[in-house]
Structure formats: structure tokens, C-alpha cells
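The following note is offered for consideration alongside the coordinates. The points are numbered for ease of reply.

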Amino acid sequence: TLEVELAAPTGASSAGAVALSTVAADLVTEINTVTESGLSITYTFSATALAGVIDSDSRTVTFTITNM
């Protein structure tokens, strides 16, 4: 499982660690005007021993900011 967690700017809410998939997910909500920088993005990979040896691989993750 590969999860991503985005730190939320002041006044916004982070969804916490969210498993990456092919379905869009809201990671940070309630973002207003922001003048912050340096907020973290954390990726966490986990697997059980049953997964066996996992070959090296890469994925592209796209983040989209929308104004709703």
C-alpha cells in the first residue's frame, strides 16, 4: 500500500494518510487564501511478508488544486 499525507495550511483540514489509487481523493479541504510555504508531503509504503520480493517501480502522482 502506498499512502500520501499532505500537511494542511492554517485554517484548512488534512484527510490524513490516504491510500493512493486511480480514484481522485480530497487530501486537503477548506483551503482559503494561503501565504504559507514549506508544507510537507509524506509518502508511506507498507507491505506484509506475504507480498514477497517487490520489484522496483515508479508511479506518477498528480495533485490538482480546485476552487469549489
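1. The note begins with N32, a residue of the loop between β4 and β5 (41-45). The structure is a predicted model, and every value below should be read accordingly. N32 counts as exposed because its relative accessible area, 61%, is over the 50% cut-off. In sequence, N32 and N67 are 35 residues apart, while their C-alpha atoms lie 9.2 Å from each other in space.

2. E30 also has its place in the loop between β4 and β5. Its backbone deserves attention: the phi of E30 is positive, about 65°, although the residue is not a glycine. Most residues other than glycine have a negative phi. Is E30 buried or exposed? With a relative accessibility of 53%, E30 is classed as exposed, since the threshold is over 50%.

3. L39 is a further residue of the loop between β4 and β5. Its relative accessible area of 36% makes L39 partly exposed. Once residues up to four places away in sequence are set aside, L39 touches A7, A8 and P9. As for distances, L39 and A17 are 22 residues apart along the chain, and 15 Å separates their C-alpha atoms.

4. V61 belongs to the segment after β5. V61 is partly exposed because its relative accessible area of 31% falls between the 20% and 50% limits. Which residues does V61 contact, leaving aside its neighbours within four places in sequence? They are L20 and Y43. A separation of 13 Å is found between the C-alpha atoms of V61 and T44, which are 17 residues apart along the chain.

5. On secondary structure, the protein has 5 strands and 0 helices. The order along the sequence is accordingly β-β-β-β-β.

6. The overall dimensions merit a comment. The radius of gyration of the protein is 15 Å, whereas a compact globule of 68 residues would have one near 11 Å. Taken along the principal axes, the box filled by the C-alpha atoms is roughly 45 × 20 × 15 Å.

7. Burial and surface composition may be considered together. Of the 68 residues in the protein, 12% are buried. The exposed area of the protein is about 5800 Å², and carbon and sulfur atoms supply 52% of that area. Among contacts with a separation of 6 or more, 38% are between residues 24 or more positions apart.

8. The largest pocket has a volume of about 1100 Å³. Its lining comprises 34 residues, and those nearest the centre of the pocket are L6, A25, L27, F63 and T64.

9. Which strands each supply at least two residues of the lining of the largest pocket? These are β1 (2-6), β3 (18-19) and β4 (28-29). The largest share, 3 residues, comes from β1. By residue class, the lining of the largest pocket holds 21 nonpolar, 10 polar and 3 charged residues.

10. In summary, two items may be checked first in the coordinates. One is the positive phi of E30, about 65°. The other is the radius of gyration of 15 Å, set against a value near 11 Å for a compact globule of 68 residues.

Terms used: Residues are numbered from 1 along each chain as its sequence is written. This is a predicted model: local features need pLDDT of at least 70, side-chain atom pairs count only at pLDDT 80 or more; totals for chains, interfaces and linings use all residues. Side-chain values use heavy atoms; hydrogens and water are left out. On a 1 Å grid over the protein atoms alone, a cavity is a set of points where a 1.4 Å probe fits but cannot get out, and a pocket is an open set with protein on both sides within 12 Å along at least five of seven lines; lining residues have an atom within 4 Å of a point. Grid points are joined across faces, edges and corners, and a volume is the space filled by probe spheres set on the points. Helices (H or I, at least four residues) and strands (E, at least two) are DSSP runs, numbered from the N terminus. Ala, Val, Leu, Ile, Met, Phe, Trp, Tyr, Cys and Pro count as nonpolar, Asp, Glu, Lys and Arg as charged, and the others, Gly among them, as polar. The radius of gyration is taken over C-alpha atoms; the globule rule is 2.2 Å times the number of residues to the power 0.38. Buried means under 20% relative accessible area, exposed over 50%, partly exposed in between (1.4 Å probe, protein chains only). Contact means heavy atoms within 4.5 Å. Accessible areas come from the Shrake-Rupley method with a 1.4 Å probe; for residues, only the protein chains shown count as cover.
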